[in-house]
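Please open the model in a viewer and keep the sequence panel visible. The stops below proceed by selection, each with a short account of what is found there.

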Amino acid sequence: MTLRIEDYALIGDLQTAALVGRNGSIDWLCLPRFDSAACFAALLGTEDNGHWRIAPADATACTSRRYIGDSLVLESLWETRTGTVRVLDFMPQRDQAPDVVRIVEGVSGEVAMSSTLRLRFDYGSVVPWVRRSDGHRVAVAGPDSVWLRSVPEVKTWGQQYATRSSFTVAAGERVAFVLTWHPSHEPRPKLIDAYEALDQSLEDWREWSATCRYEGPYREAVVRSLITLKALTYRPTGGIVAAPTTSLPEEIGGVRNWDYRFCWLRDSTLTLGALLACGYQDEAAAWRDWLLRAVAGNPADLQIMYGLSGERRLPETELGWLRGYESSAPVRSGNGAVDQLQLDVYGEVIDSLYLARSSGLQSNAHAWSLQLSVLGFLESRWREPDEGLWEVRGPRRHFVHSKVMAWVAADRAVRTLEADPKLRGDAERWRRMRDEVHREVCEKGYDPERNTFTQSYGSTELDAATLLIPQVGFLPPDDPRVIGTVDAVRDELGHGGLVRRYSAAAGPAVDGLPGDEGTFLVCSFWLADALRLTGRVKEARELFEQLLALRNDVGLLAEEYDPVAGRQLGNFPQAFSHIGLVNTALALAGDEEAG
């Protein structure tokens, strides 16, 4: 039976990540990077598309599981009729090659265990040649090579294009498996000691988590979300992927399945704010520097997303041999939205760099020049229609959120020049742009009959992104138009106490796609923020706690939630959802301190 999305937990080494199911199976892993082809792709197909399961021979799902302390080391406890074992899964931060370590420990009695490893390179399409070498099983196909060993060695054999092992553990006994990837043309990397790697991983995560200076309510949820954001960070460059997966559906059986293994500019300001507020200056600086490198060049060429190192070409292809999660096809690699015009990202870039400067991050000599260049381009283009924040695949429109972010860009430039008049720039020029954008949005993006801002000029559709209007400072929270917008979004886009990002059920005319989708979790956090800003703190806290209850048993959130089926939807875990959690918790904690 296919596991639900929330049945998975995350492990990773800050360069890639794997999903481990309650049944003990690693069903998703891309090596050596987040955006590499998967060698375990059962998540989007069948076991024949690659997986690695370690579990008691007669068990189907673990009894319980947790992360050990504030770490990314997963502990799964299995209680059977003959005894109890625990399995520790983790990926140590690599020196050279990526490793997956799985340690089986006997707790009580005696338990017969089995391991089934099916390596399938290139997203589950290539069966490797497997041989023995120095106590290892070595799998090779094209550019990929994987070595598997166990300490101590256990009975292992090949069967039906899988590598199987069987062994028994009694109380106090341990068996460690280590899977190591390297380019097939290079020699085998240096072997790691599984138990030393475990101790070091726990220490690395303890040290990192201890940096968090947040001590307010919901601290456990905040720290777990920050650990998740750290796990989604590509350490060599500082880029943060939206999610480690592709094509987990926004509607079961539908076509809204996208590749999220890239870095989006739309997340930049909220990400930076969360990191800075919790004391993670190094990560914030690395993200800011990644942003500066990625967007360098002609502002006309600015993209909405980039690869882990700032790559620009992310061609979208369909992987037809994978049936999709619960038959939700197509499965996609790459993301065609990279070529869209989304004017809001120009505002996001300038807002992020403004936040970095005002928060005291060490300044970058070229950052202000880049901002002026971006702003000059936006000044000439903000009046045009675009595809908007949500990457609609329908016709371009004058999205209200895009215009609001153009206002943000001009506003932050004015504030920067007012704070530091020695900087080059014409503050009056940007004031004029700011005022013009503001007038137009209030005239064309506001529906006076319903007292709400709409998704786009002349539209009757609503957009949860307009909940950000008071948060970015476009209008004060007590403005009747803001209060009306919050109420309208909650009433018309609400579902099960949460909110959709827009009304996809209205059909392809809205976003160019068939089908529907679940409630959008980050938008529901935005609703909580908007309720708090408009003085409804009790309602905001109730909604926040409802959202916390949607996390899975190890504290993870996907992109969306289906209140009817009671299950998570979309790519998992989703950085944007966890960023929303952190920022809403911090805001509510600030109110508590003030009160």
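Select Ser133 first: this residue stands opposite His136 in strand E11. The model is a predicted one, and this applies to every stop of the tour.

**The E10–E11 hairpin**

Extend the selection to strand E10, residues 129–133, and strand E11, residues 136–141; the two run antiparallel and are joined by 5 bridges. Together E10 and E11 form a hairpin, with 2 residues between the strands. Within the turn, display the backbone of Asp134, which has a positive phi of about 50°.

**The sheet E26-E27-E28**

Next, select the strands E26, E27 and E28. They make up an open sheet of 3 strands in the order E26-E27-E28, and the pairing is antiparallel. At the edges are E26 (519–520) and E28 (567–569), each of which pairs on one side only. Between E26 and E27 (residues 560–562), the antiparallel pairing extends over 2 bridges. To locate one of these contacts, select Thr519, whose bridge partner in E27 is Tyr561.

**Helix H4**

Move to helix H4, residues 268–277. How many of its 10 residues are buried? The count is 8, and the helix is accordingly described as mostly covered. Colour the following as the buried set: Ser268, Thr269, Leu270, Thr271, Leu272, Ala274, Leu275 and Leu276. After H4 comes Gly279, with a positive phi near 95°.

**Helices H6 and H8**

Now display helix H6 (residues 344–358) together with H8. The two helices pack with their axes 8 Å apart and at an angle of about 30°. Because of this angle, H6 counts as roughly parallel to H8. The crossing of H6 and H8 is left-handed.

Within H8, select Ser402. Ser402 is buried, with a relative accessible area of 2%. Add Leu343 to the selection: the C-alpha atoms of Leu343 and Ser402 are separated by 5.5 Å, although the two residues are 59 residues apart along the chain.

**Salt bridges**

The count of salt bridges in the model comes to 47. Three pairs and one network are visited here.

Begin with Glu311 and Arg33, whose side chains meet in a salt bridge at 3.1 Å, N to O. The pair links distant parts of the chain, 278 residues apart: Glu311 is in the loop between strand E19 (305–306) and strand E20 (317–318), and Arg33 is in the loop between strand E3 (25–30) and strand E4 (38–40). Is each partner buried or partly exposed? Glu311 is partly exposed, with a relative accessible area of 29%, whereas Arg33 is buried at 18%.

Continue to Arg501 and Glu250, where the salt bridge is 3.3 Å from N to O. This pair also links distant parts of the chain, with their positions 251 residues apart: Arg501 belongs to the loop between strand E25 (498–499) and helix H12 (508–511), and Glu250 to the loop between strand E17 (239–240) and strand E18 (263–264). Both Arg501 and Glu250 are buried.

For the third pair, select Arg393 and Glu316, which form a salt bridge with their closest N and O atoms 3.1 Å apart. Arg393 lies in the loop between helix H7 (367–381) and helix H8 (400–419), while Glu316 lies in the loop between E19 and E20, so the bridge ties together parts that are 77 residues apart in sequence. Arg393 is partly exposed, with a relative accessible area of 31%. Glu316 also counts as partly exposed, at 27% relative accessibility.

The network can then be shown by selecting Arg66, Glu75, Arg86, Glu105 and Arg174, which are joined into one network by salt bridges that share partners.

**Cysteines**

Finally, select the cysteines. How many disulfides are there? The count comes to 0. Centre the view on Cys263: the closest cysteine sulfur, in Cys30, is 14 Å from the sulfur of Cys263 and therefore too far for a bond, since a disulfide requires sulfur atoms within 2.5 Å. Cys263 is buried, with a relative accessible area of 0%. Cys442 is likewise buried, with a relative accessible area of 18%, and completes the tour.

Technical notes: Residues numbered from 1 in each chain as written. Predicted model: local features only at pLDDT ≥ 70, side-chain atom pairs only at ≥ 80, totals over all residues. Heavy atoms only, no water. Buried < 20%, exposed > 50% of the residue type's maximum accessible area, 1.4 Å probe, protein only. Helix = DSSP H or I, 4+ residues; strand = E, 2+ residues; numbered from the N terminus. Salt bridge = Lys/Arg side-chain N within 4 Å of Asp/Glu carboxyl O. Pairing = 2+ DSSP bridges. Axes fitted to C-alpha atoms, helices over the stretch in contact; angles between N-to-C directions. Parallel < 35°, antiparallel > 145°, perpendicular 65-115°, else oblique. Left-handed = near helix turned anticlockwise from the far one by under 90°.
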